[in-house]
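The following account leads the reader through one protein chain, from single residues to the spaces enclosed within it. Please keep the sequence and the coordinates at hand while reading.

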Amino acid sequence: MSGSEHPGDLGGDVRRGESEPVGMTPLSPVGRLAATVDRLSREVRAAQAEAEGRALVELAKGILVARLGCGPAEAARQLAELAEQSRATPLEFAVDVINQAARDRMSEVTAAFLAATAAVRATPPEDGAEGVRGAEAGEAAAESAAVRLRAAESGALAADDTQAVADALLEQALRPLGAVAVAIWAAGYDGSLTLVGSAGFPPAEAARWRYVPPDVATVARCGLTERSGQWFASLARTGLPSVGRHQYPDGGRVAVPAGTGGRIHGVLEIAWPAPLAPQPPQVVRQVEALAELCAHTLESYTPPREPGQGPRVVPDAVELMDLADGLHDPALVLVPHLDAAGHLADFRIQHVNNRFMDPAGRPRAVVGGALLLEAYPMAAGDSELFQNVERVYATGEPFRARHMNLTALVDQVPLSAVADISVSRHGNAVLLIWRIEDETARLASLLQHAQRLGRIGGFEENLLTGEITWNGQLFDLYGRPHTSTPVPLEELAAHAHPDDAVAIGRFLRTLLHHRRPASAAFRLRRPDGVTRHVRVVAEPVLDTDDRLLLVRGACQDISAQHWTEVALAATRDQLAQTEQQAVERARLTLQLQHAIMPPAQTPLQVPDLQVAVRYRPAETEQLVGGDWYDAVMLPSGRVLLCVGDVAGHGIEAATSMVVLRNALRGLAVTGAGPGQLLSWLNIVAHHLTGGVTATAVCGLYDPARRTLRWARAGHLPPVLVRGPGAAPLPLVKGMLLGAVAEAAYEEAEAELTAGDTLLMYTDGLIERRDRPVEEALTQLLSTVRPTPNTLDQHLDRLLTYSRSDTDDDTCLVGIRVG
């Protein structure tokens, strides 16, 4: 079984491209063209693989020439003999020679894969020959994995751009893993991502994902922020957008950061067509090695210039030093410090600016040039300062923090300070800025702001020397210039309202004579004629002989509080009066409604017809509204049936309802149809005081013909219950009453049969706050079935099982044909 059939297996020969057998059925012209294109593609891939294989063999021959001190011909002969002795192909043995000489990440990955395969071979096979063949297949897969990794590396290093690198990675190393597409993202200095190379994705899709702004959550962004990389079993489960999401919606995704020396230059993203199972550590290491190979390409990547832009300038440490010297806050310029293996170990403090302030008070010369963890070993502690600097250097995303603890060790004694931190990357250097807070100055500033916001002024009066000290807020409170002489306590009454002299006298006696803390409220009369309500609080300061030395205190402007209390008192009185008026208005409204529509109404006596009405008032008296109904026998022998709803609540809505109900009853004796009646009623509503609007349904039932002619004015249509089914009557056009001066209303006619029930209602029966009217009407249609024995039971059942939650009035009119 080939490696392409097993994700995670790098088995298979590099030289592929054999044609598949063709059946005897002749192909169409399009089929022959597709077969030709497929054959040529495979031949091109085979030629590329053969060329890369020759490059690896030549590299191994060069290594043997250097080690054996022989010529190229002897090295080629030695390579062939050694490959034959080890029972490997010349290409596989050449890769083994390269791995032993390179000792790089590719060598480590291949060695790990071979070790895992050797462990499998060491396990006794369960089934004799089959176990031996499985072990031999695993060994061949491991050796082929080494070939493919080196072939991918050779192709990537020979490529002149990142697009060619993506093509080489997909064809040489990722397709045997089952992957179908690859994307190489370059990380910008601002945290953005640029698609610099892709393979396996449609060109239009790649063009659409050319640039991803900073802080946009994508699969590649996860690989940038998570240093260990992200393996997603299914793209659909992540909910994250990414390139090729529509081509492979449920496929697996891998996003691995591509970095060198502690700095992430971009992200390698790989796509599978189907959900991805957990991969063995050997495959994970292979993908990480490929990401590191991409990092070397991205390290020299320069974003293309837009039209009209000048050359892009990447500031280095020297330029960053000049920038730091121009700042008003302490700043450090940090450059990466790598260990012998090329990994980021620390940051060296390359430069500190003139405003540098060390928490321990050390001079600039001591800190400058040292390693960050040497100068501030506590930076890796609770504050995680070092981890944040490392993250900024790796990803390029700036970091800001307020009130972070900054600790330095001096003679093994930790000295701390609170600082605002800013970390940003510029080129290959990091700028660290901190602003150390002076705790005393900060508390004094907080106190000053509190006094200003609370409109509090402080004072101190020395009773022995007569010296008086005021702060600025107290001068402002008194309305006096800051250069004027403060007012002594004994003259306080002269600056207050005469009616407050008694309260001030009591305050001074308690403070100066009884020598106890005291407070008082008075009206301060300022020189500008403004009167302010002030509360003064003071306490005496005594010496060791219990003599009064000083008086300290504060004055607060409580004018806003005073006038708020006055306004609240007036509001309480007004609310009490308003509540009494509201109760009276509600009582009058209910009396008016009961006078027009008494709860118990005698039903109409019409042959072969049952008529019933129901009225349910609002549950809250303040919501008494303008719902109305009518069912009356006309001189012509027809029955007038109508329901309506006047907009609003209260006595205005109730009185408007009375006018419209009585007007419709009077107009109906003319013999006009329901459409004409609503046109006349619209004129009445339009000319009522206050701009009344209302909805209504008007119907005329002819007992002789068993027909109902009806019209509507913005109201819900009647519901017809016939047998086991129920449905609203077909809708006719008609706008609400009172909106315009003149309006026309369509009519419709419905034929009723024995046993039919017709219902007219207002929206208080079905209306809900959390559902649309259509859904509430559907619920009503299910409630009206089945039909009870009597019409009265039917209407009572509708009111009982109504799911309305608006506490509005409800009117209900029903007829049943005998």
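Does serine 242 count as buried or exposed? In this predicted model, serine 242 has a relative accessibility of 2% and therefore counts as buried, the cut-off for that class being under 20%. Its place is in the loop between α9 (235-238) and β5 (253-260), so the assignment as buried rests on the accessibility value and not on membership of a helix or strand. When neighbours within four places in sequence are left aside, serine 242 is in contact with Glu205, Trp209, Val219, Leu235, Arg253 and Glu269. With arginine 253 there is also a polar contact, made between the two side chains at 3.1 Å.

The chain as a whole gives the setting for such a residue. It has 818 residues, of which 43% count as buried, and it holds 22 helices and 26 strands. Among contacts between residues at least 6 apart in sequence, 61% join residues at least 24 apart.

Valine 182 is a second buried residue, with a relative accessible area of 0%. Valine 182 belongs to strand β1 (residues 181-187). Leucine 169 stands 13 residues from valine 182 in sequence, and the C-alpha atoms of the two are 7.9 Å apart in space. Not counting residues up to four places away in sequence, valine 182 touches Ala166, Leu170, Leu174, Gly197, Ser198, Ala199, Phe201, Leu268, Glu269 and Ile270. Glu269 appears here among the contacts of valine 182, and Glu269 is also in contact with serine 242.

A charged residue can be followed in a similar way. Glutamate 171 is found in helix α6 (residues 162-174). At 19% relative accessibility, glutamate 171 counts as buried because the limit is under 20%. The side chain of glutamate 171 makes a polar contact of 3.0 Å with the side chain of arginine 175.

Two aspartates call for attention through their backbone angles. Most residues other than glycine have a negative phi, and most peptide bonds are trans. Aspartate 546 has a phi near 65 degrees, a positive value in a residue other than glycine. Aspartate 546 is found in the loop between β15 (531-542) and β16 (548-557) and, at 45% relative accessibility, counts as partly exposed. Aspartate 608 likewise has a positive phi, of about 55 degrees, although it is not a glycine. The loop that holds aspartate 608 runs between α18 (559-596) and β17 (609-616), and a relative accessibility of 55% makes aspartate 608 count as exposed.

Helix α21 shows how buried and exposed residues can be arranged around an axis. The buried residues of α21 are Ala776, Leu777, Leu780, Leu781 and Thr783. They cover an arc of only 160 degrees around the axis, which puts them on the same side of α21. An α-helix has 3.6 residues a turn, so residues three or four places apart point the same way. On the other side of α21, Glu774 and Thr778 are exposed. The cover over the buried residues of α21 includes β22 (719-722), β23 (725-728), β25 (757-761) and α22 (791-800).

Helix α21 also leads to the enclosed spaces of the model. Rolling a probe the size of a water molecule over the atoms shows where empty space is left. The structure holds three cavities of 30 Å³ or more, and the largest has a volume of about 130 Å³. Which helix gives the most to the lining of the largest cavity? Helix α21 (residues 773-783) does, with five residues. The lining comprises 13 residues, and those nearest the centre of the cavity are Ile766, Ala776, Gln779, Leu780 and Arg803. Ala776 and Leu780 are thus lining residues of this cavity and also buried residues of α21. By class, six of the lining residues are nonpolar, three polar and four charged.

The second largest cavity contains about 90 Å³ of space. Its lining is made up of Phe459, Glu461, Ile468, Trp470, Leu474, Tyr478, Val487, Pro488, Leu489, Leu492, Val536 and Cys555. At least two of these residues come from each of β12 (456-462), β13 (468-470) and α16 (472-478). By class, this lining has 11 nonpolar residues, no polar residues and one charged residue.

Conventions:
Residues numbered from 1 in each chain as written. Predicted model: local features only at pLDDT ≥ 70, side-chain atom pairs only at ≥ 80, totals over all residues. Heavy atoms only, no water. 1 Å grid on protein atoms, 1.4 Å probe; cavity = no way out; pocket = protein on both sides within 12 Å on 5 of 7 lines; lining within 4 Å. Points joined across faces, edges and corners; volume = space filled by probe spheres on them. Helix = DSSP H or I, 4+ residues; strand = E, 2+ residues; numbered from the N terminus. Nonpolar A, V, L, I, M, F, W, Y, C, P; charged D, E, K, R; others polar. Buried < 20%, exposed > 50% of the residue type's maximum accessible area, 1.4 Å probe, protein only. Polar contact = N/O pair within 3.5 Å; in protein donor to acceptor, adjacent residues only side chain to side chain. Arc of directions from axis to C-beta. Contact = heavy atoms within 4.5 Å.
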